[in-house]
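I keep these notes as a record of what I looked up, entry by entry, with the sequence and the coordinates open beside me.

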Amino acid sequence: MPDESRLQILERNAAEAEALIADIQEKVNSVQKKIGQDLLRGSGDSVSKTISTVTSETERLQTEINHWQRVLTLRQIRNGQLYVHPPKISPVVVAGANSDIVTVKEVLTTKTEVKESGPVLSAKDSKTKNSATETVSPASQVNKKGEKKAEKAINTGAGGSKAKGPQPPVAEEVVDVGRLDLRVGKIVEVSQHPDADTLYVEIVDVGEPNLRTVVSGLVKHVPIEEMQNRMVILLCNLKPAKMRGVTSEAMVMCASSPEKVEILIPPAGSLPGDIVEFEGIQRTADPVLNPKKKIFETVAPFLKTSNEKIATYKGVPFEVKGKGVVTTPTLINVNIK
């Protein structure tokens, strides 16, 4: 077929497409106008009915457009590179019933693109052309891999995981004697453990509404009559633990050597519940010491008696404010536990 004849066919097809689109546009405008009139004089029920009608009409028009698009596509295949984008009708937009102005907008968007080119390529030729276009040289593939590796190296840390931005500094947890809840207590009742010859079971007043039960391994070191009504220093925030079937809720603090154990002595005038403090060390006692953190085990090596028989932490005396320091009867320079 001569080029002039093919061009005439393309121009005629384009004209037909434009005429079709103009016809559809006119129908849409007519429907739009009718909708506007109905809405302005109608009630809520009529609005709903009109919207339903518009939806149905839109579907019908779209079906018709699709039909003509298929016709034009077939002509394109036979006669050359002619492509007409199908018209797109946007949804109907209706203002609310209480709005001052009721509007109906239906947009018909049509993109027509006419391309002139040589004879239509066969399916085989088209496939060959596409393959040639998509072919990438090995050197180009290597370069792309290198770029990806470089990008990955930037986005990851030395260990291969994704690099994270600057992290806020984590406050270091302070572990010192201030974490221990040391208080004065009074043993109001004592007995030997029913199932252990070396243990006492004491009922102790630590200034709380309820008395605490304490189990101590002091049978070999302190006679039972010296335990009764005795003022002691207690570590009150150990996690309660069973000792041969009896739950112990605190620990009596003692100065200890391999040969001897002595119970610490609170200052004169101390009362059950008085707090033991340390000059220059903030008291931040945990409600209950977490055994996994081993706070007491970390602090314990620095709990010692001085040459003056004063209980200390790193040389700082155990002190009950306004009443004095905690002492031991005789033991000096030994651990407290």
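**Entry: the chain as a whole.** I began with contacts between residues at least 6 apart in sequence, and found that 63% of those in the protein chain join residues at least 24 apart. I note here that I am reading a predicted model. For secondary structure I listed six helices and 21 strands in the protein chain. I then looked up burial, and of the 337 residues in the chain 30% are buried. The accessible surface comes to about 21400 Å², and carbon and sulfur atoms account for 54% of that surface.

**Entry: an open sheet.** I followed one open sheet of five strands, which are ordered E9-E8-E7-E10-E13 with antiparallel pairing. E9 and E13 are the edge strands, since each of them pairs on one side only. Strands of a sheet pair through backbone hydrogen bonds, and I went through the pairings one at a time. E8 and E9 are antiparallel and share five bridges, and I marked Val204, whose bridge partner in E9 is Arg212. Between E7 (residues 182-192) and E8 (residues 200-205) I counted six bridges, again in the antiparallel sense, and here Val190 has Glu202 of E8 as its bridge partner. On to E10 (residues 231-235): five bridges join this strand to E7, and the two run antiparallel. Within that pairing I noted Lys186, whose partner in E10 is Met231.

**Entry: the largest pocket.** Which residues lie nearest the centre of the largest pocket? I find Val215, Ser216, Met243, Met251 and Val252 there, out of 19 lining residues. The elements that give two or more residues to this lining are the strands E9 (212-216), E11 (241-243), E13 (251-252) and E14 (254-256). I put the volume of the pocket at about 360 Å³, and sorted its lining into eleven nonpolar, five polar and three charged residues.

**Entry: Glu262.** Is Glu262 buried or exposed? I looked up its relative accessible area, which is 5%, so Glu262 is buried, the cut-off being under 20%. This residue belongs to strand E15 (residues 261-263). Leaving aside residues up to four places away in sequence, I find Glu262 touching Cys254, Ala255, Thr328, Pro329, Thr330 and Leu331.

**Entry: Val325.** I turned next to strand E20 (residues 324-325), where Val325 lies. Its relative accessible area is 30%, so I enter Val325 as partly exposed. With residues up to four places away in sequence not counted, Val325 touches Ile265, Pro267, Ile310, Pro317, Phe318 and Glu319. I also checked Val325 against Phe278: the two are 47 residues apart in sequence, and their C-alpha atoms are 9.8 Å apart in space.

**Entry: two positive phi angles.** Most residues other than glycine have a negative phi, and I therefore wrote down two exceptions. Lys309, which is not a glycine, has a positive phi of about 65 degrees, and is found in the loop between strand E16 (303-305) and strand E17 (311-313). Lys314, also not a glycine, has a positive phi of about 50 degrees, and its place is in the loop between E17 and strand E18 (316-317). How exposed are they? Lys309 is partly exposed at a relative accessible area of 33%, whereas Lys314 counts as exposed at 55%.

How values were computed:
Residues numbered from 1 in each chain as written. Predicted model: local features only at pLDDT ≥ 70, side-chain atom pairs only at ≥ 80, totals over all residues. Heavy atoms only, no water. 1 Å grid on protein atoms, 1.4 Å probe; cavity = no way out; pocket = protein on both sides within 12 Å on 5 of 7 lines; lining within 4 Å. Points joined across faces, edges and corners; volume = space filled by probe spheres on them. Helix = DSSP H or I, 4+ residues; strand = E, 2+ residues; numbered from the N terminus. Nonpolar A, V, L, I, M, F, W, Y, C, P; charged D, E, K, R; others polar. Pairing = 2+ DSSP bridges. Buried < 20%, exposed > 50% of the residue type's maximum accessible area, 1.4 Å probe, protein only. Contact = heavy atoms within 4.5 Å. Areas by Shrake-Rupley, 256 points an atom, 1.4 Å probe, with all protein chains shown as cover.
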